Amino acid sequence: MRTPDPFKLVVFDLDGTLYEETHHFDRYAEEIAARLPDGSREAFWRDYRDAERGRHTLRLGRAYDAQADLILAHRRGRVTGAWTWDGRALPADEVARRYPEPLRFDRETLMNIGDPWWLPIAVAVHYGLGPEPLAEAFLATRAFMQSEAFVMRPIPGLRDWIDRFRARGGKTALMTNSPEPDSRTILRKLGLEDAFDALIFWAEKPAKTEGHLLRLLAEFGVRPEEAVSVGDNWPNDIAPARRLGLYTVFVDPYGLGEADDADCIVPSLREALRRAEASGRR
Ligand SMILES: [Mg+2]
């Protein structure tokens with residue numbers, strides 16, 4: 001991580017960035033499975049478990065074209081391979097004909113499997129689950145995450161780093177696609193409820209990332225090169241920030257990134273903080 005001293009604004013994603021817990025993904029898969037018809041539940045679990053373990057064509061880092069029921073490998077949206085659900089590769093000329101342009105991801109028809117939230121969604125959509133039950137399953141999972149049963153551990157050193165950065169006049173912002181009430185509860189559990197100068201919930205990243213960032217830069221009087229975007233979802237948190245000229249820190253616990261995907265790629269925020277500390281500046 002470039003030393004924090006020249007930076008005046010840091011914009012953080014929430015889920016997958018400010019906490020390292022992963023056991024809620026199992027809960028999410030259970031909530032989704034409970035909404036599937038009896039006949040497809042077993043197949044859902046088989047494919048989901050295989051996908052989680054890297055034994056299915058569907059896996060983290062790929063994309064799912066729900067309309068064509070095809071699994072896509074891509075590099076920054078450019079399709080490099082396509083498979084049927086059961087793993088049959090499409091010929092290269094057919095791939096080129098179907099996907100001549102970079103993919104434009106959305107949340108229902110063309111999904112980027114950029115983090116583990118998307119694995120059970122893609123499997124469930126393959127088995128015919130619609131957007132309403134999926135939304136219910138998501139909110140039920142967020143409710144679980146707000147409950148006492150979901151224990152969260154703050155990332156060591158994070159609050160301290162934020163406090164020191166703000167004491168020097170730095171500004172911090174949170175930008176999350178998640179709803180406000182559960183995100184606030186999660187921030188409270190992490191001891192971060194008052195750690196931000198701006199909070200953006202329901203951010204609708206990636207479509208609205210650039211607009212939010214431009215507003216934050218204007219609000220705090222900061223130039224793009226004096227700002228940092230930190231997140232674990234490349235299309236949502238990194239690509240739009242790079243287009244605007246912000247410094248980018250890609251939190252990449254699953255090793256999906258390639259060397260030039262961001263200014264700094266780290267397996268965890270904990271590691272980014274460690275590097276910032278090791279650089280000797282505070
Ligand atoms: Mg995230």
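The buried residues of helix α9 pack against strand β5 (110–112), helix α8 (209–220), strand β8 (227–231) and strand β9 (247–251). This description, like all that follows, refers to a predicted model. Helix α9 is mostly covered, with nine of its eleven residues buried. The buried positions in α9 are W234, P235, N236, D237, I238, A239, P240, A241 and L244. Just after this helix, G245 adopts a positive phi of about 95 degrees.

One buried residue of the helix can be followed in more detail. D237 belongs to α9, which covers residues 234–244. Its relative accessibility is 3%, and D237 therefore counts as buried, the limit being under 20%. When residues up to four places away in sequence are left aside, D237 touches D13, K205, S229, G231 and D232.

K205, one of the contacts of D237, also takes part in a cis peptide bond. The bond runs from K205 to P206, and its omega is near 5 degrees. P206 is placed in the loop between β7 (198–200) and α8. Most residues other than glycine have a negative phi, and most peptide bonds are trans. The loop between β7 and α8 also contains W202 and E204. W202 has a phi near 45 degrees, which is positive although the residue is not glycine. E204, likewise not a glycine, has a positive phi of about 55 degrees. As for accessibility, W202 has a relative accessible area of 54% and is exposed, while E204, with a relative accessible area of 46%, is partly exposed.

The protein as a whole contains ten helices and ten strands. Its C-alpha atoms fill a box of roughly 55 × 45 × 30 Å along the principal axes. A compact globule of 282 residues would have a radius of gyration near 19 Å, and the protein agrees with this, having 19 Å. Of the 282 residues, 52% count as buried. Among the contacts between residues at least 6 apart in sequence, 65% join residues at least 24 apart.

Two pairs of packed helices were examined. Two packed helices are described by the angle between their axes and the distance between the axes. In the first pair, helix α5 (residues 131–146) and helix α7 (residues 180–189) pack at an angle of about 25 degrees, and their axes are 9 Å apart. Because this angle is under 35 degrees, α5 is roughly parallel to α7. The crossing of α5 past α7 is left-handed. On the α5 side the contact is made by R142, M145 and Q146, which meet P181, D182, S183, T185, I186 and K189 of α7. By class, the residues of this contact are three nonpolar, three polar and three charged.

Within this pair, D182 lies in helix α7. D182 has a relative accessible area of 4% and is buried. Residues up to four places away in sequence aside, D182 touches R142 and Q146. P131, by comparison, lies in helix α5 and is partly exposed, its relative accessible area being 42%. The C-alpha atoms of P131 and R107 are separated by 9.4 Å, and the two residues are 24 residues apart along the chain.

In the second pair, helix α2 (residues 38–52) and helix α4 (residues 118–126) pack at an angle of about 145 degrees, and their axes are 10 Å apart. The crossing of α2 past α4 is right-handed. Residues F44, D47, Y48, A51 and E52 of α2 form the contact with L119, P120, V123 and A124 of α4. This contact of α2 with α4 has seven nonpolar residues, two charged residues and no polar residues.

The last helix considered is α10, which covers residues 269–278. In α10, the buried residues are L269, E271, A272, L273 and A276. The elements covering these buried residues include β1 (9–12), α6 (158–167), β8, β9 and β10 (264–266). Strands β8 and β9 are also among the elements against which the buried residues of α9 pack.

Technical notes: Residues numbered from 1 in each chain as written. Predicted model: local features only at pLDDT ≥ 70, side-chain atom pairs only at ≥ 80, totals over all residues. Heavy atoms only, no water. Helix = DSSP H or I, 4+ residues; strand = E, 2+ residues; numbered from the N terminus. Buried < 20%, exposed > 50% of the residue type's maximum accessible area, 1.4 Å probe, protein only. Contact = heavy atoms within 4.5 Å. Axes fitted to C-alpha atoms, helices over the stretch in contact; angles between N-to-C directions. Parallel < 35°, antiparallel > 145°, perpendicular 65-115°, else oblique. Left-handed = near helix turned anticlockwise from the far one by under 90°. Nonpolar A, V, L, I, M, F, W, Y, C, P; charged D, E, K, R; others polar. Rg over C-alpha atoms; globule rule 2.2 N^0.38 Å.
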